[in-house]
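Please open the model in your viewer and get your selection tool ready. We will make a few stops, inside and out.

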Amino acid sequence: MTVETPVAGPAGYANSGYVQSLAEFGTPLALSRSGGWLLSVAFRDSGYRDAFGPYPLFAVEHPASLAEDIAGLKEDLVSIYAVSDPLREDQIAHFEKAFDFVRPYKSHFVVDLDVGFDRYLGRHHRRFVRQAFRKLEVERAADPAAHVAEWCGLYEELCVRREIVGLRRFSAAAFTAQLSVPGCHYFRALRNGTAVGGLVCYLDRDRAYGHLTSSTALGRDLFAPYGLIWTAIEFFRGKARLFDLGGVPGGMNATADGLASFKSGWSTTLREARFCGRILNRAVYDKLSLAHAGGGSGHFPAYRAGILGTN
């Protein structure tokens with residue numbers, strides 16, 4: 001039997017390998033004191049850049065040093081923006097010192113892993129879990145990186161179905177790196193030996209994160225998402241305190257496809273992710289915003305309003 005060695009240092013979103021997996025979208029920029037990372041990108045032909053936190057969450061090891069890191073950024077960076085980790089509410093006071101604003105952005109569905117299914121999971125979810133396990137084999141892969149091609153195929157199906165573009169349409173190279181990041185766990189739903197669903201998660205010390213999931217049409221018909229989430233939650237019990245299942249596109253009212261209802265049934269609480277922004281060069285920010293703002297009240301940075309791949 002293979003004994004898994006716990007990851008001692010930063011894992012998942014906090015690991016530098018995860019940020020490097022997004023290098024095709026921007027140049028990784030280390031915040032050396034706080035242990036955070038940004039991705040910087042040029043804005044058109046202006047000669048200036050801005051920077052944003054890696055998708056989906058901005059992970060910081062030493063938040064008390066974040067304000068000092070940001071104050072030391074070069075002047076050609078016009079602005080920075082990021083989404084805070086909803087499982088790290090203890091960091092918000094430091095974020096408020098480091099950024100111009102920290103505002104509610106999206107509620108995430110979170111599982112308290114000390115609470116057993118017998119105390120909250122409804123009959124609807126239990127019924128579909130039973131059906132999933134009758135028709136599918138669900139397992140945690142011993143080596144996530146060995147299943148990159150399989151996962152890429154599953155995720156491409158999701159991208160086509162939901163018309164995903166921009167930063168969230170990860171490349172095969174990005175996934176090759178992400179499935180090799182310390183703390184990565186990959187759960188597979190199989191029908192007659194063929195994968196019909198997958199779930200990529202990260203475990204970073206006492207916190208688990210559902211990174212991405214996708215199932216084929218057959219997998220959805222056979223309730224693969226239910227088997228995958230059940231298996232992941234049971235696996236992370238005793239290894240983490242909280243498991244972030246993420247939010248839903250468009251916010252809490254985007255329930256047309258049942259995703260909010262699905263995640264709500266698994267969760268025991270909600271946690272708020274916050275959108276954080278700071279203007280580093282006010283004169284250039286105002287100039288670019290005047291020339292390029294494309295509408296979108298409250299969009300930050302204003303000069304990127306309407307451009308795919310921003311907030």
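Start with the second largest cavity, which holds about 30 Å³ of space. A cavity here is a set of points, on a 1 Å grid over the protein atoms alone, where a 1.4 Å probe fits but cannot get out, and lining residues have an atom within 4 Å of a point. The volume is the space filled by probe spheres set on the points, which are joined across faces, edges and corners. Select Tyr13, Ala14, Val19, Gly35, Gly36, Trp37, Pro54 and Ala59 to see its lining. By class, that lining has six nonpolar, two polar and no charged residues, with Gly counted as polar.

This is a predicted model, where local features need pLDDT of at least 70, side-chain atom pairs count only at pLDDT 80 or more, and totals for chains, interfaces and linings use all residues. Residues are numbered from 1 along each chain as its sequence is written, and side-chain values use heavy atoms, leaving out hydrogens and water.

Next, go to the largest cavity, with about 100 Å³ of space. Of its 13 lining residues, select the closest to the centre: Ala59, Asp85, Asp204, Arg207 and Tyr209. The lining has seven nonpolar, one polar and five charged residues.

Last, select helix α10, residues 282-292 (a DSSP run of H or I, at least four residues; strands are E, at least two). Val284, Tyr285, Leu288 and Ser289 are buried there (under 20% relative accessible area with a 1.4 Å probe, protein chains only; exposed is over 50%). They lie on the same side of α10, because they cover an arc of only 130° around the axis, taken from the directions from the helix axis to the C-beta atoms. Their cover includes β4 (77-83) and β11 (269-279), by contact of heavy atoms within 4.5 Å. Turn to the face away from the buried side for the exposed Ala283, Lys287, Leu290 and Ala291.

How values were computed:
1 Å grid on protein atoms, 1.4 Å probe; cavity = no way out; pocket = protein on both sides within 12 Å on 5 of 7 lines; lining within 4 Å.
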